[in-house]
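Okay, thanks everyone, I'll keep this short. Let me put the thing up on the screen and then walk you through it.

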Amino acid sequence: MPAQAQPAETVIRVVYLGKRYVEPLPISLVETVASDRGVQGARLAISENNRTGTFLGIRFELFEMIVGEDEDVVAKGRDLLAGGDRLILADLEPKDQLALADLPEAKGALLMDLRTSDDALRGKECRANVFHLLPSLAMRADAIGQYLAWKRWKRWFLLAGTTPADRAYAAGVKRAAARFGGRIVAERAYDYDPGSRRVDTGHQQIQTQMPMATRNVADHDVVFVADENGSFGDYLPYNTAEPRPVVGTAGLTAVAWHRGFEEYSAAQMQHRFELQAKRVMTERDYGGWLGARILGEVVVRARVTEPGAMRDFLLSDKFGVAAFKGEALTFRPWDQQLRQPILLAGPRMLVSISPQDGFLHPKYLTDSLGYDEPETECRLRRRS
């Protein structure tokens, strides 16, 4: 009896597209510099996808293209799209993210944004071919705002850096205050040059500068810091003029992932990642893992490989991805932002998870974080 022919294997190629941007050095030597953030998470997810796909005749391949600092990553992306690639994990800063999404060749592609948190990319600058995986700035500010409301710490002193990213986060803080009953009793801009921090008397200078930046302020419960580049925020705890907690981009932070998170089987996820990468999992690694894992979930569950059909499934009630947060994560159809609980953590430990108890929503509790459908400036449904 002749042997039966084996069904042809379906190969799903996923492209990881990134660039080696100039990034600020860690504020402390305790934090190591990792040149493979993001892509290590994608590698782990691809291996997990293949453990399931093997039984279904599906194989996932990850093609990695990370260009140099002086190279044109959008041109490289155009070449990949022109060559037929349609599933892109985009580890790109906002300007390049938009330029890639607007290429004619990208019209029928799926771009999984694993890096940005900018509200503009989820608002006026939203694109139908881009799905956002990490929490937006507004979601992060709201996550802390809910916790401060739960603690009844209502008086906030906002100390913001001077970069556009700092100002954008500060705007999210003001919005959170209005939403959750906080009151910004004082606001200051701070421009710190960290060049002296490693000289012999660096700690003495910091010990003088931080109290000066925070003195003579109206009575407040917390210092809410907006320092997206990490140039001064971590110097604030224990150095403020008044003994107050520090929250925001330093102290108590709102993140998608944290090395101290162990609930909902996250400890096993942390362990698997550390065995592979030989380091701890960062938030961008989690974004890379989410992007590849979500694509795998769609292909395996919906049995579709065409990007248009995949997008429809991602925005349907049938989609949900298990992501170690106690609930299936889904996408908001109005801006294609991934709904998710947000971790509130200190440098070493998890403190809480938002949404907080008592903050309700008629459909999804996680939609109490960030821009809800009536508030959005995105017009995806008109464009698509």
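So, strand 4, residues 110-113, is joined to strand 5 by 3 bridges, and the two run parallel. If you want one pair to click on, D113 sits opposite H132 in strand 5. Before I go further: this is a predicted model, so please hear everything that way.

Now zoom out a bit. Those two strands belong to an open sheet of 5 strands, ordered 2-1-3-4-5, with parallel pairing. At the edges you have strand 2 (58-67) and strand 5 (130-132), each of which pairs on one side only. On average, neighbouring strands here are turned by 25° against each other, direction ignored.

What packs on this sheet? Helix 3, residues 94-101, does, and it touches strand 1 (10-19), strand 3 (87-91), strand 4 and strand 5. The direction of helix 3 makes about 170° with that of strand 4. Then there's helix 9, residues 307-314, which also packs on the sheet and touches strand 3, strand 4 and strand 5. For helix 9 the angle with the direction of strand 4 is about 45°.

While we're around helix 3, let me mention the cavity. The count of cavities of 30 Å³ or more comes to 1. The space in the largest cavity is about 30 Å³, so don't blink. Its lining is Q97, L98, L121, E125, C126, R127, V130 and H132. Helix 3 and strand 5 each supply at least two residues of that lining. And yes, H132 in that list is the residue opposite D113.Next, the cores. As a rule, nonpolar side chains in soluble globular proteins tend to be buried together. Here the largest nonpolar core has 47 residues. Which residues have the most contacts inside it? That would be L89, Y286, W289, I294 and F331. Several elements give two or more residues to this core: strand 1, helix 1 (39-53), strand 2, strand 3, strand 4, helix 7 (266-277), helix 8 (283-302) and helix 9. Helix 8 gives the most, with 9 residues.

W289 deserves a click of its own. Leaving out residues up to four places away in sequence, W289 touches G41, A42, L44, A45, E48, M269, M281, A322, A323 and F324. Apart from the largest core lies another one, of 25 residues, with M139, L148, A176 and F180 among them.

Okay, second sheet. This one is open too, with 7 strands in the order 7-6-8-9-10-13-14 and mixed pairing. Its edge strands are strand 7 (183-189) and strand 14 (350-354), each pairing on one side only. The average turn between neighbouring strands of this sheet is 25°, again with direction ignored. For an antiparallel example, take strand 13, residues 342-345, which pairs with strand 14 over 4 bridges. There, L343 stands opposite I353 in strand 14.

Two helices to show you on this sheet. Helix 4 packs on it and touches strand 6 (155-160), strand 8 (222-226), strand 9 (246-248), strand 10 (252-255), strand 13 and strand 14. Its direction makes about 130° with that of strand 10. Helix 5 packs on the sheet as well, touching strand 6, strand 7, strand 8 and strand 9, and its direction makes about 170° with that of strand 6.

Let's stay with strand 8 for a minute. Is it buried or exposed? With a cut-off of under 20% relative accessible area for buried, 5 of the 5 residues of strand 8 are buried, so it is largely enclosed by the rest of the structure. In a regular strand, side chains alternate between the two faces of the sheet. In strand 8 both faces are covered: V222, F224 and A226 are buried on one side, V223 and V225 on the other.

As for its partners, strand 6 is joined to strand 8 by 5 bridges and they run parallel. W156 has V222 as its bridge partner in strand 8. Strand 8 also pairs with strand 9 in the parallel sense, over 3 bridges. On that side, F224 has V247 of strand 9 as its bridge partner.

Last stop, for anyone who likes pockets. The second largest pocket holds about 290 Å³ of space. Its lining has 20 residues, and those nearest the centre are D119, A120, G123, A138 and Y371. Helix 4 (137-151) and helix 5 (164-180) are the elements that give two or more residues to that lining. Helix 5 has the largest share, with 4 residues.

Right, that's my tour. Over to you.

Methods: Residues numbered from 1 in each chain as written. Predicted model: local features only at pLDDT ≥ 70, side-chain atom pairs only at ≥ 80, totals over all residues. Heavy atoms only, no water. Pairing = 2+ DSSP bridges. Axes fitted to C-alpha atoms, helices over the stretch in contact; angles between N-to-C directions. Contact = heavy atoms within 4.5 Å. Core = buried A, V, L, I, M, F, W, Y, C linked by side-chain atoms within 4.5 Å. Buried < 20%, exposed > 50% of the residue type's maximum accessible area, 1.4 Å probe, protein only. 1 Å grid on protein atoms, 1.4 Å probe; cavity = no way out; pocket = protein on both sides within 12 Å on 5 of 7 lines; lining within 4 Å. Points joined across faces, edges and corners; volume = space filled by probe spheres on them.
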